[in-house]
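Grab a pencil and work through these short exercises with the model open beside you. Try each task before you read its solution.

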Amino acid sequence: MFHEKNPKEYHSAIVDVTDKCNLRCRHCFYFREEHDSEDMDADEFLGGLKELRDRHNIMSMGWCGGEPLFRMEVVLQGLKLFPLNMIYTNGTIPIPKLDNTIIAISIDGPPEIHDTIRGKGTYEKIINNLDSPGMKGRLVLFLSTINTINASHIERMVKALAKIPIFIIGFMFFTALKEYRDVRGYKYTDEQKTTFSLSPEERDGVIHRILELKKKYPHRIFNPDRTLELMMSQNAEACTSKCNMPVRTLTLDLKLDRKLPCVLGRGVDCSTCGCVFPYLQQAKKEGDPESVALKF
Ligand code: SF4
Ligand code: SF4
């Protein structure tokens, strides 16, 4: 378990609860790397989190995986340990009613594109699960990872979701590894390495389209304008090279050891970062009101 000689404060943390998942998505950032594949004993895991919470003053926890809801009992107990929680789920498992918890559901396109990336029938399962007790009547937060397969379908994706009464969607971009190695049981290594990343020009083009979509679908797209501008090729490196994710958020693996630089993996290539975080951090530093209003 992670132990710092002089413990620092990390108000937020993210943990891999389990390496189990019912899907094998083509752009997955978890299964593309080797992991210690044994989940920790539940009591030991929860006890360790409590210890880390007290030692580092952790106020919010992100529950990741694998698919965190595969360890539903552990997550349900774990949610009680932190004032604020966020569960990152693939949305295919019914979601119970949860307090003090934001549910982030991954969605990667209109139905047929999402299913191409995540597996047949997965889009429909998500939509059906929005009727589960935990989701009915509450704001749905979708997160979408843009790559070469879905980049030209984002407007159709938002249009398809617009039937849902209350939702918001955040766009990220596929982030590559510095180096790929074959991993047993994961067959998309070559595809990730060769075809998933957008070129800087393609990514800039998508960002322009997202900015246009924000005007067409007001209050539906989460990314503040300034963060999108900062994601563009001429600005991105200045943000990613200063990313303070490793010192701000305690990212933990299955054994509660430190996972650095961040949840996207030990071998992640920060120069291709498509996560909102470094851009949001910079936009907040500049005092951009839309970004400052986001409380994470
Ligand atoms: S649902 Fe998440 S953890 Fe599971 S394969 Fe897809 S991206 Fe990976
Ligand atoms: S991948 Fe992105 S969010 Fe993660 S440490 Fe690198 S720059 Fe920061």
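**Exercise 1. The two ligand shells**

Task: How many nonpolar, polar and charged residues does the shell around ligand 1 have?

Solution: Keep in mind that you're looking at a predicted model.
- Step one is to sort by class: the shell around ligand 1 splits into 6 nonpolar, 3 polar and 2 charged residues.
- Step two is to list who is there: Cys21, Leu23, Arg24, Cys25, Cys28, Tyr30, Phe31, Gly65, Gly66, Glu67 and Asn90. Arg24 and Glu67 are the charged pair in that list, since Arg and Glu count as charged.
- Step three is to turn to ligand 2, whose shell has 11 nonpolar residues, 2 polar ones and no charged ones. Of the 13 residues around ligand 2, the nearest are Cys243, Pro261, Cys262, Cys270 and Cys273.

**Exercise 2. Laying out the sheet**

Task: In what order do the 7 strands of the open sheet run, and which strands stand at the edges?

Solution: Go across the sheet strand by strand.
- The order reads β6-β5-β4-β3-β2-β1-β7, and the pairing is parallel.
- Now the ends: β6 (167-173) and β7 (249-252) each have a single partner strand, so one side of each has no neighbour in the sheet.
- As for twist, neighbouring strands are turned by 20° against each other on average, ignoring direction.

**Exercise 3. Reading the register**

Task: Which residue in β2 stands opposite Val15?

Solution: Start from the strand pair, then find the partner.
- β1 (residues 12-16) pairs with β2 (residues 60-64) in the parallel sense, over 5 bridges. Opposite Val15 you'll find Trp63.
- Try the same with β3 (residues 84-89) and β4 (residues 101-106), a parallel pair with 5 bridges. Here Thr89 faces Ile105 of β4.
- Then step from β4 to β5 (residues 140-146), which pair in the parallel sense over 3 bridges. Ser106 sits opposite Leu143 in β5.

**Exercise 4. Into the core**

Task: Which residues have the most contacts inside the largest nonpolar core, and which helix gives the most to it?

Solution: Begin with the general idea: nonpolar side chains in soluble globular proteins tend to be buried together.
- The largest nonpolar core here holds 59 residues, and Ala13, Val15, Ile58, Trp63 and Tyr279 have the most contacts inside it.
- Helix α11 (residues 277-285) gives the most to this core, with 4 residues.
- Finish with Ala13: leaving out neighbours within four places in sequence, Ala13 is in contact with Ile58, Met61, Thr249, Leu250 and Leu252.

How values were computed: Residues are numbered from 1 along each chain as its sequence is written. Chains are lettered from A and ligands numbered from 1 in the order in which they are written. This is a predicted model: local features need pLDDT of at least 70, side-chain atom pairs count only at pLDDT 80 or more; totals for chains, interfaces and linings use all residues. A nonpolar core is a set of buried Ala, Val, Leu, Ile, Met, Phe, Trp, Tyr and Cys residues joined through C-beta atoms within 7 Å. A residue is buried if 20 or more other C-beta atoms lie within 10 Å of its own, exposed if 12 or fewer, and partly exposed in between; C-beta atoms are placed from the backbone. Helices (H or I, at least four residues) and strands (E, at least two) are DSSP runs, numbered from the N terminus. Two residues are in contact if their C-beta atoms, placed from the backbone, lie within 7 Å. A residue is near a molecule or strand if its C-beta atom, placed from the backbone, lies within 6 Å of it. Two strands pair if DSSP finds at least two bridges between them. Axes are lines fitted to C-alpha atoms, for helices over the stretch in contact, and angles run from 0 to 180 degrees between N-to-C directions.
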